[in-house]
Amino acid sequence: MTPYVGQAIRRKEDPRMISGRANYTDDISLPGMLHAAIVRSPEAHAAIVSIDKSAAEQRSGVVAVLTGEDMAPDFASGLPMAWDPPGVDINVPDHWPLKRGEVKHVGDPVAVVVAVDRYLAVDAAEDVIVEYDPKPVVVDPEAALEDGAPLVWEQFGTNKTHEWAVGGGDVAAALEAADVVVEQRVPNHRTSGAPIEPRAAIGEPRAESLTLYSTTQIPHIARLLLAGMLDMPEDKLRVIAPDVGGGFGAKLQVYGEEALVLALARRLGRAVKWTESRSEHMTTSHHGRDQIAYVTLGAKRDGTLTGLKVRIVADLGAYMQLLTPFIPELGFPVMGGCYRFDAIDVHFTGVFTNKMCTDAIRGAGRPEATYWIELTMDKLARELDMDPLELRRRNFIPKEEFPFETKLGIVYDSGDYHGSLDRLLENFDIEGFRREQAELREKGIHRGVGFSTWVEVCGLAPSRAVGPQGVGLQAAFWESAMVRVHPSGSATVYTGTSPHGQGLDTSFAQIAADRLGIDPENVDVLHGDTDQGPWGWGTYGSRSLSVGGEAVAKAAEKVQAKAKRICAALLEASPDDIELADGRFQVRGSPDKAKTMAEIAFAAHVPPQELPAEIEPGLEENSFYDPENFVFPFGAHACIVDVDVETGKVQVVRYVAVDDCGPAINPMLIDGQVHGGIVHAIGQALYEQIVYDEDGQLVTGTFVDYALPTAAEVPSFETDRTETPSPVNSLGVKGIGEAGTIAATPAVTAAVIDALQPFGVEWLDMPHTPMRVWNAIHGHGHGNGHGPPSLGEHGMGSAGSGPSSPDEGGAP
C-alpha cells in the first residue's frame, strides 16, 4: 500500500470552508449576548483631560459605558511582554486594555460601550465625548533617537527601548582584510497582516468560569496570560479558537480586546462580543517590519566574503506587546544567509514612536534579514563586476559541511544551496533571458530579473535555545499531541498547534494514518480548544509540521507499538515479530496471520480474550516533543518584471520558485503555502505600506489606501522542490509557510533594479509604486538608501512612514 505521506491529498478542511459551513468567531451567537464597541483616540499623543459618558449612557439599549479608570479593578496587570534577555534592560511601559491618563497613538482605546446590538454600541460610542490635550508627536525612529526629540514615554527619559547585539569573529579585521567594501542603508517599511477575517472575541460567563472564543493562533498561551491579567485560576478559563480565517502573525498575540470582553462578561454576567472593523484592524492590530538596516559587507577581489556588519534601528511603536522587542532580533540566526563569513556583527536598537506596536507578521525578522543580505550581495556583485549568481555560488556553504556552525554559533541542520540554485536554472534559462531582455529594450520594453537564494530558521524552537535559559523568552517551545484510536478503528488526533489555513487537519491525518494503518479520512484532527487534548504552544514560525507534526508522529508510533503488543497477544506471536504492512498488523513473513487496526482497537476496549496484564485497556498515547535544534529550509527564487517607463508601473510577469523543506508530507499544501507567501511578499515589494503622516495620523486605514495584490497582479507561479531531509526530526521535515515571503521581496526588488539599469538606478526603496519608480527613472527620487528621502516621496522618510499621496499608497 502506498504511504499516505507524500501524496497530494485534497484538504479535508476545504468542503466546509468553501460551502459556507465553517464556524468563525463572529458566526457565534450566544443567548443574551451583548456587543461592545470601543472609543478610540483620534490623537497620536495626548493627555486625557475628561471623558463625558452621559449621552451614551442615556441611549436605550446601552448596558454600560466604562473607561480605563472604571475598569482598573478588573485587571491585575496589563498586557504582557514575554522577552527578558539576560543582561539587557528593556523599557516596558504599562499597557492597559483601556488607557488611563494618556494616549500614545491613534486608535488607543479609551472607553468601551456595551449594548444589546453591535450597531447601537457603535452609534453610542460616537456619543462619548473625550477632551484631549495634545502633546508633541514623533513618528520617525531615527529622529526619535536625536537629542531633543519628543518623548513617547517621559518616565524613561529616552525613546530608546533597548539595545541587543550578537556577533562572532573579528569583524573589524575581516573588513580591513577586504579588497572591496560596500555599504547600504536598507529600509524595510511597515506593513499590516491584513487577514481576510478581522479579529473578534467573545467572553462568556459560566458559573465561576469564563470562556473566550477568539480569532487567535495561540489559545493555550492566551489562556495562561489572560488568567494572570484577570487574576483568576487558569483552570477556570477556557479558550476556544474556532475556524480562523488567516492570521499571518497578526493573531499571534494577546490583545486588550480579549481581556476586555472577559472582564466585561465577568462584570455584567452576560456574554459580550467584540468584532473589529477593517479600519480598526489597520489601526490597532499589530503591524510588522519597520526597520532600517545599515549594512557593511566586505569581500576579496575574487568575491570571497570576509565580514558583515549590520546596525539595525527598529521602530517598535508606542507599546510592548507579546514579542514586540524580540521580533527584529528573531532573524539573527540566518543573518549570514547561505554564505560563509570570517566574522559577523549585528547590533539592534529598538525605538518608541507614536504608532501602533510592531510584532510578528509572516516571517518575523527573517524577511528583513534576507532582504538586506540578498540585495547587498547584488550590490557587491556590481562593484566586483561579477555575475550575482556566481558570487553566491562562490560563497555558498557546501552541502558536505552540514551540519554547519555559523560565526553566530548557530548550527544549520542540512542544506544543498548549490543544488537548489541548479534546479532553479534548469527551469530558468538565464542566457536566453538576457538575449530577450536586450531585444525588448530596443523596443522600449524594460524587463528585469532578480534572484534570491534564501535560508530560514524555523521550527520554533528548542526551548534550551530560546527559553529563559537561552535568549530569554519566558516560554518553552515544545509541542504536544494525543492520538486516540476508538473501538471501531477510527482515530482522533489532538494537537497543541492551532492552524488557521495551514491544512493541518489533512497533513496530521496523513502522518497518523501511515503509523496506524488506517485511511486519513478516518482520522479526525482536533485543535484550538484548551479543554480538549494536552497543552500546546500554538501555530507560528513555520513550526507546525516540524514540531507539532513530529509530536503527532511520536504519539502515533506509541499507539502503533501498543497495537503490535495487542496483535501479538491475539495471534499468539512475539511483539517483535509483528509488522505493519499494507494497512494490516501481521506476523512478519506470514501475511495470512494478520489483524486490522479496527480488530485490534476493538480488542483493546472489549478484549475477546484475556490480554497480558501489562497491557492496559484502551488505545491512546500522548507525546511532548521539544526539538534539539531549529530546522533550516532554503531555496532559490527568480522573478521577472516589466517596468512601464512612461507610468512607472511594475508588473510581475514570471516567478519561479525552488524550495527545500525536506520530504513532502503533502505537495499540494506546500504549493499552496509557497503561492501565498510569494503573493504576500509581492504585496510588500510593490503595493502595501502602513503610512503615518508627521502628526501621527494613519493615512492608510482602509483597503482604498492600503493596496493588497489580487490575482490580477500576479502570474501563475512555477514551483519546484529539492528534498534535503533534516536530521532534527524523524519526518525529516522543515517549515514552508513563510518561505515565499522571505524569498520574494529581494527577488522582486532586484528585478526592478535590473530593469532600470539603463537609467542608472542602483537602488530603490520598497514599495516600488509607480510614482517612486517614475521618479527614480527621471532622477527625481531619492530612494537610494543613503539617507532620509524627501517628504514628497516617502512621507516622513522613515521605514515606517510613507506616501501621503494616493499615487504612492493607492490601489494598483
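The following legends describe several close-up views of a predicted model.

**View 1. The division of the protein into three domains, with the contact of domain 1 and domain 3.**
According to an automatic or database domain assignment, domain 1 is made of residues 17-135, 196-246 and 251-284, domain 2 of residues 165-191, 287-460 and 629-777, and domain 3 of residues 478-625. The C-alpha centres of domain 1 and domain 3 are 40 Å apart. To the contact of these two domains, domain 1 gives 17 residues, while domain 3 gives 14 residues.

**View 2. The packing of helices α9 and α10.**
In this view α9, which covers residues 366-384, packs with α10, which covers residues 388-395. The axes of the two helices are 9 Å apart and form an angle of about 110°; because angles from 65 to 115 degrees count as roughly perpendicular, α9 and α10 are described as roughly perpendicular to each other. On the side of α9, the residues that meet α10 are E374, M377, D378, L380, A381 and L384, and on the side of α10 they are P388, L391 and R392. Sorted by type, the residues of this contact comprise six nonpolar and three charged ones, with no polar residue.

**View 3. The open sheet of β22, β23 and β24.**
In general, the strands of a sheet pair through backbone hydrogen bonds, and this pairing may be parallel or antiparallel. Here three strands form an open sheet in the order β22-β23-β24, and the pairing is antiparallel. The edge strands, each of which pairs on one side only, are β22 (residues 578-581) and β24 (residues 590-595). From one strand to the next, the twist averages 45°. Between β22 and β23, the latter spanning residues 584-587, the antiparallel pairing extends over four bridges, and within this part of the sheet A581 stands opposite R584 of β23.

**View 4. Helices α15 and α16, which lie across strands of the sheet.**
Helix α15, made of residues 544-571, lies across β22, β23 and β24 and runs at about 115° to β22. Helix α16, made of residues 597-605, lies across β23 and β24, and its direction is at about 40° to β24.

**View 5. Two alanines with a positive phi.**
As background for this view and the next, most residues other than glycine have a negative phi, and most peptide bonds are trans. A194 is not a glycine, yet its phi is positive, at about 50°; this residue lies in the loop that links β8 (residues 180-192) to β9 (residues 200-206). Is A194 buried or exposed? Because a residue counts as buried under 20% relative accessible area, A194, with 12%, is buried. A364 is likewise not a glycine and has a positive phi of about 50°, and its place is the loop between β15 (residues 343-352) and α9. With a relative accessibility of 7%, A364 counts as buried.

**View 6. Two cis peptide bonds in loops.**
The peptide bond that joins F402 and P403 is cis, with an omega of about -5°. P403 belongs to the loop between α10 and β16, a strand of residues 404-405. A cis peptide bond also leads from L460 to A461, where omega is near -15°. A461 is found in the loop that runs between β18 (residues 446-455) and α13 (residues 463-466).

Technical notes:
Residues numbered from 1 in each chain as written. Predicted model: local features only at pLDDT ≥ 70, side-chain atom pairs only at ≥ 80, totals over all residues. Heavy atoms only, no water. Buried < 20%, exposed > 50% of the residue type's maximum accessible area, 1.4 Å probe, protein only. Axes fitted to C-alpha atoms, helices over the stretch in contact; angles between N-to-C directions. Parallel < 35°, antiparallel > 145°, perpendicular 65-115°, else oblique. Contact = heavy atoms within 4.5 Å. Nonpolar A, V, L, I, M, F, W, Y, C, P; charged D, E, K, R; others polar. Pairing = 2+ DSSP bridges.
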